[in-house]
Amino acid sequence: MKIAVIGAGNMGGAIARGALLTGTVKPEDITICDPTDTLVKNLDRQGWKVTYSVDNSQGAKEADLVVVAVKPWLVEQVMGEISGVIDRQRQAVVSIAAGVTFEQIGDYIDAERYGGPALYRVIPNTAIAIGKSVTFIASYNGNSNHDTLVHNLFAPLGEVFQVGESQMQAVTALSSSGIAYAYKYIEASAQGGVTLGLPEDVALRIVLATVDGAVAMLRHNRSEPQEEISKVTTPGGITLKGLQAMEDGGFTRAVISGLEATK
């Protein structure tokens, strides 16, 4: 499988590194397209000699998968640049840009006039850099071969969910933006530990280990959060008092409001 990654920022760089770390794609089968060669030099220092191009159309021409990993406001420009070189039967185009719909991408790539190609919208989160992403894939006009190529690129980089385009806003809120909300809880808990008298570094280590353990318990027991909560709460106990204080402060409603605001 040959891939072209257009845009070597945080997400494009994470996809390239993840593909190399997992052996999903060989270095010689990756082309990085970007105005600067910073990522390519970094990869080279790590022993991965990938191809570099400042010409998006040239980089996209030979790829099986073209991954457009630029900011949403640059998608139209990039799609226009590669539209004329895409093999609309063989190749698939993957957009990482949140909020840019298949209809828009089709317009940008002149699909009505020239037909195809297979289009995919993919929403990962930043944990893709260490192979721990939650990644959502929606497809349009792809066949089983295209589906396999896209899945094979992202499956080694975390957990993959196939979704409809209508669900993209919801899953973006829950995971792509949601990873920041998880960090916010961790930050707030660590600050609370400092308020209770713990050193800052110790409080953070405790919270990280606690969250890690909570997630591991849910996975191991295949249980619901409330089931595990009930195991550590007793009537009148301190844990129940803490939970009630959080709810009185609007904890659950605040989380839901944050998710709703992301849509």
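Mentor: Helices are DSSP runs of H or I with at least four residues, strands are runs of E with at least two, and both are numbered from the N terminus. The model is predicted: local features need pLDDT of at least 70, side-chain atom pairs count only at pLDDT 80 or more, and totals for chains, interfaces and linings use all residues. Residues are numbered from 1 along each chain as its sequence is written, and side-chain values use heavy atoms, with hydrogens and water left out.

Trainee: How many helices and strands does that give for the protein chain?

Mentor: The protein chain has 13 helices and eight strands. Its C-alpha atoms fill a box of roughly 70 × 40 × 30 Å along the principal axes.

Trainee: What is the order of the strands in the sheet?

Mentor: The order is β3-β2-β1-β4-β5-β6-β7-β8, in an open sheet of eight strands with mixed pairing. Two strands count as paired if DSSP finds at least two bridges between them. β3 (51–53) and β8 (158–162) pair on one side only, which makes them the edge strands. Neighbouring strands are turned by 20 degrees against each other on average, direction ignored.

Trainee: What makes the pairing mixed, and in which sense does β6 pair with β7?

Mentor: β6 and β7 pair in the antiparallel sense over five bridges, whereas β5 and β6 pair in the parallel sense over four. β7 (residues 133–140) and β8 are also parallel, over five bridges. As for single residues, L119 of β6 stands opposite V93 and has Y140 as its bridge partner in β7. F136 has F161 of β8 as its bridge partner.

Trainee: Why is β6 called largely enclosed?

Mentor: Buried means under 20% relative accessible area, exposed means over 50%, and partly exposed is in between (1.4 Å probe, protein chains only). Six of the six residues of β6 meet the buried criterion, so β6 is largely enclosed by the rest of the structure. On one side the buried residues are A118, Y120 and V122, and on the other L119, R121 and I123. In the protein chain, buried residues make up 37% of the 263 residues.

Trainee: Which strands does helix α7 lie across?

Mentor: α7 (residues 144–154) lies across β1 (3–6), β4 (65–68), β5 (92–95), β6 (118–123), β7 and β8, and runs at about 25 degrees to β6. Angles run from 0 to 180 degrees between N-to-C directions, and axes are lines fitted to C-alpha atoms, for helices over the stretch in contact. Helix α8 (residues 168–176) also packs on the sheet, where it touches β6 and β7 and makes about 165 degrees with the direction of β7. Contact means heavy atoms within 4.5 Å.

Trainee: What makes α8 and α9 roughly parallel or roughly antiparallel?

Mentor: Angles under 35 degrees count as roughly parallel, over 145 as roughly antiparallel, 65 to 115 as roughly perpendicular and the rest as oblique. α8 and α9 (residues 178–195) pack at about 30 degrees, with their axes 4 Å apart. The angle therefore makes α8 roughly parallel to α9. T172, A173, L174, S175 and S176 of α8 make the contact with G178, I179 and Y181 of α9.

Trainee: How do you know what span to expect for helix α1?

Mentor: The expected span is 1.5 Å times one less than the number of residues. α1 (residues 10–21) has 12 residues and reaches 16 Å from its first C-alpha to its last, close to the expected 16 Å. Its buried residues, including G12, I15 and L20, pack against β1, β2 (30–33), α2 (38–45), β4 and α7.

Trainee: Why does Q91 count as buried or exposed?

Mentor: Q91 has 0% relative accessibility, so it counts as buried. Q91 sits in the loop between α4 (75–82) and β5. Its side chain reaches the backbone oxygen of A60 at 2.8 Å, and a polar atom of that side chain lies 2.6 Å from the backbone oxygen of A63. Both distances fit a polar contact (N or O atoms within 3.5 Å; within protein, one must be able to donate a hydrogen and the other to accept it, and residues adjacent in sequence count only if both atoms are side-chain atoms).

Trainee: Why is D110 classed as it is for accessibility?

Mentor: At 28% relative accessibility, D110 falls in the in-between class, so it counts as partly exposed. D110 lies in the loop between α5 (102–108) and α6 (111–114). Its phi is positive, near 60 degrees, in a residue other than glycine. Most residues other than glycine have a negative phi.
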